[in-house]
Amino acid sequence: MRQSVQELIERYQNNLYAIAFNICKNPSDAQDVVQDTFIQYYTSKKEFEDEQHLRAWLIRIAINKAKNMTLTFWHQHKVSLEEYMESLTFETPESENLFEEVMKLPKKYRIVIHLFYYEDYSVKEIAEILKLSQSNVKVRLSRARALLKESLKGEWNYDE
């Protein structure tokens with residue numbers, strides 16, 4: 001199964017950007033990762049079983065490219081997270097604070113939180129994408145939640 005690159009861009013561009021940004025913490029790098037991901041799809045001869053297989057492959061490529069991007073010398077000299085945060089708008093102060101706290105998490109926790117809560121992947125699917133065991137994904141989610149709960153203590157009102 002092969003789809004046109006234009007269809008894939010329209011369908012997955014925002015998701016891949018969010019994943020890449022979670023890892024790179026830089027809008028320019030995240031855009032480059034998304035572009036490189038689609039270029040790799042275009043130049044590959046890989047056939048996909050179904051839509052899920054294609055989506056998982058694109059996400060895996062984007063994650064790998066984003067990780068590689070963070071290892072480059074130039075990654076050290078990009079816009080800081082604080083500068084980028086100033087350009088974002090949030091509906092509530094609580095959602096801004098939550099975003100800041102998620103971005104402070106170690107990369108291995110940030111990515112599972114993003115895939116689970118923002119991309120609606122199951123633990124099993126995340127394990128396949130990240131090439132981890134399901135129990136490892138559950139542990140990372142649990143630890144990330146605990147870190148967020150501790151850092152956000154008193155910020156959220158659960159009675160609403």
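Which residues have the most contacts inside the largest nonpolar core? I began with this question, and before answering it I noted what kind of model I had open.

**Entry 1, the model.** I am working with a predicted model, in which local features need pLDDT of at least 70 and side-chain atom pairs count only at pLDDT 80 or more, while totals for chains, interfaces and linings use all residues. Residues are numbered from 1 along each chain as its sequence is written, and side-chain values use heavy atoms, with hydrogens and water left out.

**Entry 2, overall make-up.** I found 8 helices and 0 strands in the protein, where helices (H or I, at least four residues) and strands (E, at least two) are DSSP runs numbered from the N terminus. Of the 160 residues, 39% count as buried, buried being under 20% relative accessible area, exposed over 50% and partly exposed in between, with a 1.4 Å probe and protein chains only. I also looked up contacts, meaning heavy atoms within 4.5 Å: among those between residues at least 6 apart in sequence, 68% join residues at least 24 apart.

**Entry 3, the core.** The largest nonpolar core has 42 residues, and those with the most contacts inside it are Leu16, Leu58, Ile59, Ile63, Ile111, Leu115 and Leu130. Such a core is a set of buried Ala, Val, Leu, Ile, Met, Phe, Trp, Tyr and Cys residues joined through side-chain atoms within 4.5 Å. The helices that each supply at least two residues of this core include helix 1 (5-24), helix 2 (27-43), helix 3 (51-70) and helix 7 (123-130), and the largest share, 9 residues, comes from helix 3. I then took Leu58 and, not counting residues up to four places away in sequence, found that Leu58 touches Leu8, Tyr12, Leu16, Thr37 and Tyr41.

**Entry 4, Val34.** I placed Val34 in helix 2 and noted that Val34 is buried, with a relative accessible area of 5%. Leaving out residues up to four places away in sequence, Val34 touches Gln13, Leu16 and Tyr17. The C-alpha atoms of Val34 and Leu58 are separated by 9.2 Å, the two residues being 24 residues apart along the chain.

**Entry 5, helix 3 against helix 7.** I read the axes of helix 3 and helix 7 as coming within 9 Å and crossing at roughly 55 degrees; that makes helix 3 oblique to helix 7. Axes are lines fitted to C-alpha atoms, for helices over the stretch in contact, and angles run from 0 to 180 degrees between N-to-C directions. Angles under 35 degrees count as roughly parallel, over 145 as roughly antiparallel, 65 to 115 as roughly perpendicular and the rest as oblique. For the residues, I listed Gln52, Ala56, Ile59, Arg60 and Ile63 in helix 3, which meet Glu125, Ile129 and Leu130 in helix 7.

**Entry 6, Glu119.** Is Glu119 buried or exposed? At 7% relative accessibility, Glu119 counts as buried, and I located this residue in the loop between helix 6 and helix 7. Leaving aside neighbours within four places in sequence, I found Glu119 in contact with Asn15, Ile19, Arg55 and His114.
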